[in-house]
Structures are given as structure tokens and as C-alpha cells.
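Visitor: Please walk me through this protein chain. I have questions about its strands, its core and its cysteines.

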Amino acid sequence: MPHHRTVPRLVAPVAVLTLALTACGSADDGTDAERAAAPATSAPPSPSASAGGAMARGEGATGKVDEVTYAVVAQRVDVGTRAQAAKAVADAADAEGRVPVVAHVAYTHKGGPDLTDGSGVRDRTAVFADGRRGAVLAGASEAAPGCEDPYGVGSWERGGRHVFCVTYLIPADATSVEVHWSPEGGEPYVWSFPGPDQQRGHG
């Protein structure tokens, strides 16, 4: 699926956004995606494999989270401007030289128990730029166009599909943007997209 050059709307007030300037390898939320520091491998695996690696545009990965099997695909990334990055944080210095990126990821419940109280599948998603993890903007994605609120999803039956987003700050001069998703006990799957300059969003 082609990338979009749409500038994301970061409409949430600064007070509800938390800039996590954690280094690669941090275990802030205990997810494999946030601990993945290595670049993607070169050979794309089968969608049903669990070894992780580079994925083609539009290719789906399959893996388990909390006994549920999901099909996951990073659909696109929307790159914003430096001015938007400065407005999205309490201290504009934290966003200096960076732009916001909203990653749209589709998750489909393929097997396992029906969910009645949401899912942690989005928590295993992260955005990297040129192989380095960006800084997450917590609470910035729920109001973005095309993004569902993961906290508003209660029951989730087999076959159900939701598009959740994550927003990160990355360097404005990055040459590539990578969306990582890690199943439990597996290496991250990685979808690559053009960097900010190529998407005309560095502002």
C-alpha cells in the first residue's frame, strides 16, 4: 500500500501528551518492540513465520499476544512538520530537529479466545528511523484521522479488524521510517517507508 503524504492532525492538548525520550533497549513497558534495537533483516519471511524480519509493503505478519493470534500489517505512515512537533510537547526543545510520525497499523483477530476487555497488541508496536527507535508521543494518535481509539474497543471477536495508530517523534532528516511489531517470544517484523524528506513533511 503506498505511503501517504497527509500531514497528521495532532489535536490533543499538550497536557495529555507524554514525550518518552527513552533510549533503544529501554524496558519501559516491557514490550519486545521497544527493546528491538537492531535493523531489520534483509529476507522477508512467510507471513505465518515467527522469526520476524523485513516485510514487503502490504505484507502481513502473524503472531500471538496473550493467547490470541493476530494478522498484522503496517498500512502507512503520515509524517508531520517540525512546527507540529514543537506544539505537541510541553518543552519545544524536546522536539528540536524532529517531526511527528503517525503509523497506521491494522490488526485482525485470527484465532484464540474472543476478547472482552480490549487488547495489548498495539503496545508491541514502535516506530524507528534509520534503525533507531523514536520518542513516543503518548495519547497523540487517538484523534488522528483513520485511527481507532484502542481504549474504546471492548469485545473483539475472531475475524474482527481494527486500525490502531502510534505517534512518534523522529529526526527530520531521517532517510527511512520503520514500523516494528513484535509477537510474544518472537523477533520484530519490520515495514519500511520513505523518510520525512521524501514525504515532503519535514516543514
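**Cysteines, sheet and core**

Guide: Start with two residues that are both buried: cysteine 147 and cysteine 165. Keep in mind that this is a predicted model.

Visitor: How far apart are the sulfur atoms of cysteine 147 and cysteine 165?

Guide: A search of the whole structure finds one disulfide. Cysteine 147 and cysteine 165 form it. Their sulfur atoms lie apart by 2.0 Å.

Visitor: Is the link of cysteine 147 and cysteine 165 left-handed or right-handed?

Guide: Look at the angle about the S-S bond, which is -85 degrees. The link of cysteine 147 and cysteine 165 is left-handed.

Visitor: How many residues apart are cysteine 147 and cysteine 165?

Guide: The pair links distant parts of the chain. Cysteine 147 sits in the loop between strand S8 (135-138) and S9, and cysteine 165 sits in strand S9. Their separation is 18 residues.

Visitor: How many helices and strands does the protein chain have?

Guide: Read the elements from the N terminus on: β-α-β-β-β-α-β-β-β-β-β-β-β. The secondary structure comes to two helices and eleven strands.

Visitor: Which strands stand at the edges of the open sheet of five strands?

Guide: The order in this sheet is S2-S11-S10-S6-S7, with mixed pairing. An edge strand here has a single partner strand, so one side is left without a neighbour in the sheet. That description fits strand S2 (53-55) and strand S7 (132-133).

Visitor: What is the bridge partner of glycine 53 in S11?

Guide: S2 and S11 run parallel, joined by three bridges. In S11, glycine 53 has as its bridge partner tyrosine 189.

Visitor: What is the bridge partner of valine 179 in S11?

Guide: Take the S6 side before that. S6 and S10 are antiparallel over five bridges, and valine 127 has valine 179 as its bridge partner in S10. S10 and S11 also run antiparallel, with six bridges. In S11, the partner of valine 179 is tryptophan 191.

Visitor: Why is S10 largely enclosed by the rest of the structure?

Guide: Check both faces. Ser176, Glu178 and His180 are buried on one side, and Val177, Val179 and Trp181 are buried on the other. S10 is largely enclosed because its buried residues number six of six.

Visitor: Which strand supplies the largest share of the largest nonpolar core?

Guide: This core has 38 residues, and those with the most contacts inside it include Tyr70, Val127 and Trp191. Several strands each supply at least two residues, among them strand S3 (61-65), strand S4 (68-79) and strand S5 (98-111). The largest share is seven residues, and it comes from S4.

Visitor: How many residues are in the second, separate core?

Guide: Its members include Ala88, Val89, Ala95 and Ala140. The total for this second core is eight residues.

Visitor: Is aspartate 78 buried or exposed?

Guide: Aspartate 78 is found in strand S4. Its relative accessible area is 4%. The cut-off for buried is under 20%, so aspartate 78 is buried.

Visitor: Which side chains make a polar contact with the side chain of aspartate 78?

Guide: One contact, at 3.1 Å, is with the side chain of arginine 76. Another, also listed at 3.1 Å, is with the side chain of histidine 104. The partners are therefore arginine 76 and histidine 104.

Visitor: What share of the residues in the protein chain is buried?

Guide: The protein chain has 203 residues. Buried residues make up 50%.

Conventions:
Residues numbered from 1 in each chain as written. Predicted model: local features only at pLDDT ≥ 70, side-chain atom pairs only at ≥ 80, totals over all residues. Heavy atoms only, no water. Core = buried A, V, L, I, M, F, W, Y, C linked by side-chain atoms within 4.5 Å. Buried < 20%, exposed > 50% of the residue type's maximum accessible area, 1.4 Å probe, protein only. Helix = DSSP H or I, 4+ residues; strand = E, 2+ residues; numbered from the N terminus. Polar contact = N/O pair within 3.5 Å; in protein donor to acceptor, adjacent residues only side chain to side chain. Pairing = 2+ DSSP bridges. Disulfide = S-S within 2.5 Å.
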